[in-house]
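Good morning, colleagues. I would like to take a few minutes to walk through one protein model, moving from its overall form to its interior.

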Amino acid sequence: MKPILRLFSKWKEYKSKKESIYFGTSLYDELYTNPIPSLVLIVGVSLFFYFSLPYIHYLGNFFFWFVGVLEITKVLKIPFLDELRYYHYLSAFVYFYISISLLIDISRLLSKWNVRTVIVKNEVWQIGHSGLGKKLNQYQLNAEGLSLSYEHGGLIDFLGLNRMVWKKDGKEIFSSPYFFPYKKNKTIINRLLKR
């Protein structure tokens, strides 16, 4: 057990040295995010796919009925439009097209929610994953016209859906991911709100 603990401590030391070099200082504060909204979204989408996949043949039946109501087969006189199996192929294609579109949108939303927010000196650094690498955005906290709004209170605190939004001229410039307002996050919030 001791060699594993020693290896783990060396890995943590290596990681802290690497981050100190990356940020240029060892004095930085990281906002600890709430993973629950991301997990709920992933579970919800998985359940949607799991429970909706057995019923895609109803989509084929709807297409067959819709073509029959419009009487397209009588006007165009195409014989294969009278066969139901072609509509089932179409429904499978439509279902997977919608599924892939939904997965792309959800991956974009998750990449927005799972950004690492670090406060270094008078800057906010947001580090997110972009393709096969990382994307770094730096924002100055003392920029002119930049205002901070803090969404908190009541049930939002309990669920960990607090968020800080920085705006300039009424437009949202950047925002933090969802977080709980406790422990180290509370000191970061107090420092940013200057209270």
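When I speak of helices and strands, I mean DSSP runs, with at least four residues for a helix and at least two for a strand, numbered from the N terminus. Please keep in mind that this is a predicted model. On that basis, the protein contains seven helices and seven strands. Their order along the sequence is α-β-α-α-α-α-β-β-β-β-α-β-β-α.

Let me turn to the overall dimensions. The radius of gyration of the protein is 25 Å, whereas a compact globule of 195 residues would have one near 16 Å. The C-alpha trace spans about 75 × 55 × 35 Å along the principal axes. Of the 195 residues, 28% count as buried. As for contacts between residues at least 6 apart in sequence, 52% of them join residues at least 24 apart.

Next, the surface and the charges. The protein exposes about 14,100 Å², and carbon and sulfur atoms supply 65% of that area. There are 26 positive and 14 negative charges, and the mean positions of the two sets are 10 Å apart.

I now come to the interior. In general, nonpolar side chains in soluble globular proteins tend to be buried together. Which residues have the most contacts inside the largest nonpolar core? They are Met164, Trp166, Phe179 and Leu192, in a core of 13 residues. Three elements each supply at least two residues of this core: strand β5 (146–151), strand β6 (163–168) and helix α7 (184–193). The largest share, three residues, comes from α7.

Leu192 deserves a word of its own. Leaving aside residues up to four places away in sequence, Leu192 touches Ile119, Leu141, Leu148, Met164 and Trp166. Two of these partners, Met164 and Trp166, were named a moment ago among the residues with the most contacts inside the core.

There is also a second, separate core, made of six residues, and among them are Val45, Ile56, Ile106 and Leu110.

Finally, consider Ser91, which lies in helix α5 (residues 84–113). Is Ser91 buried or exposed? Ser91 counts as buried because its relative accessible area is 1%, and the cut-off for buried is under 20%. Again leaving aside residues up to four places away in sequence, Ser91 touches Ile56, Leu59, Gly60 and Phe63. Of these partners, Ile56 is also a member of the second core.

Thank you for your attention.

Key:
Residues are numbered from 1 along each chain as its sequence is written. This is a predicted model: local features need pLDDT of at least 70, side-chain atom pairs count only at pLDDT 80 or more; totals for chains, interfaces and linings use all residues. Side-chain values use heavy atoms; hydrogens and water are left out. The radius of gyration is taken over C-alpha atoms; the globule rule is 2.2 Å times the number of residues to the power 0.38. Buried means under 20% relative accessible area, exposed over 50%, partly exposed in between (1.4 Å probe, protein chains only). Contact means heavy atoms within 4.5 Å. Accessible areas come from the Shrake-Rupley method with a 1.4 Å probe; for residues, only the protein chains shown count as cover. Lys and Arg count as positive and Asp and Glu as negative; His and the chain ends are not counted. The place of a charge is taken as NZ of Lys, CZ of Arg, CG of Asp or CD of Glu. A nonpolar core is a set of buried Ala, Val, Leu, Ile, Met, Phe, Trp, Tyr and Cys residues joined through side-chain atoms within 4.5 Å.
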